[in-house]
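Here are my notes on the model you sent. Please read them with the structure open.

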Amino acid sequence: MANYREIITKAVTGKGRKFTQSSHTLTPPNKPTSILGCWVINHQYKAIKRGNLVEVDGTYDINTWYSYDDNTKTEVVTEETSYKDTIRLRYRDAEQINDGEYDVIVRVLQQPNCLEATISAKGNKVLVQVERELLAEVVGETKLVVAVNPDGLEDDDFDLDVDDEEFEDLDPDFILGDEE
């Protein structure tokens, strides 16, 4: 007859990911003639769990380098942009214990980056397309059930015998450390 034990441990009890494309409109102080470059920097975010969702509030700066005055001058316009992504937890562990005690971990799979920057039809604004991808994990306590062998393990259950011949072909200079 098998003997079982219940083990309480921390594990990923919920997981979800979200890919987002968003459009932003920047208003530079001068009427742009052409877009010379666009990049997204200073990405910051925080996350909280609400039911079966993780809400991510974040910000980033969009920097657009453009020319104006018939391509005779250049300038960079910077605008801080905020976003709120709602990530549905597609995997959820039904055995999570203490639903109120958990950690929310968000990892950026793809940093926000500019896909395209164009001048608007009226010619006085810059339209920027940005994409990003986030992964959310909820870590909480859960219960595992394991089978227990009442007789334990024999020493023979582990192959700990090491043959000295295995070490003969090792290069002692393989790891140099700080000598380089």
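1. Start with V54. In this predicted model, and leaving aside neighbours within four places in sequence, V54 is in contact with A47, I48, K49, D85, T86, I87, L89, V104, V106, A136 and V138.

2. V54 also belongs to the largest nonpolar core, which has 21 residues. The residues with the most contacts inside this core are V54, V56, I62 and V128. Five elements give two or more residues to the core: β2 (32-50), β3 (53-68), β4 (73-88), β6 (97-119) and β7 (126-148). As background, nonpolar side chains in soluble globular proteins tend to be buried together.

3. Next, β3 itself. Is this strand largely enclosed or open? Twelve of its 16 residues are buried, so β3 is largely enclosed by the rest of the structure. Buried here means under 20% relative accessible area.

4. The sheet around β3 is open and has three strands. Their order is β2-β3-β4, and the pairing is antiparallel. β2 and β4 are the edge strands, each pairing on one side only. From one strand to the next, the twist averages 15°.

5. Take the β2 side. β2 and β3 pair in the antiparallel sense over 15 bridges. One position to check is K46, whose bridge partner in β3 is D57. The two strands form a hairpin with two residues between them. In that turn, G51 has a positive phi of about 65°.

6. Now the β4 side. β3 and β4 pair in the antiparallel sense over 16 bridges. Here E55 stands opposite T86 in β4. Further along, T64 has V77 in β4 as its bridge partner. This pair of strands also forms a hairpin, with four residues between them. D69 in the turn has a positive phi of about 60°.

7. Last, the cysteines. How many disulfides does a search of the whole structure find? It finds zero. C38 and C114 deserve a look all the same. The cysteine sulfur closest to that of C38 is in C114, at 3.5 Å, too far for a bond. The cut-off for a disulfide is 2.5 Å between the sulfur atoms. Seen from the other side, C114 is in no disulfide, and its nearest cysteine sulfur is that of C38. C38 has a relative accessible area of 18%, so it counts as buried.

Methods
Residues numbered from 1 in each chain as written. Predicted model: local features only at pLDDT ≥ 70, side-chain atom pairs only at ≥ 80, totals over all residues. Heavy atoms only, no water. Core = buried A, V, L, I, M, F, W, Y, C linked by side-chain atoms within 4.5 Å. Buried < 20%, exposed > 50% of the residue type's maximum accessible area, 1.4 Å probe, protein only. Contact = heavy atoms within 4.5 Å. Pairing = 2+ DSSP bridges. Axes fitted to C-alpha atoms, helices over the stretch in contact; angles between N-to-C directions.
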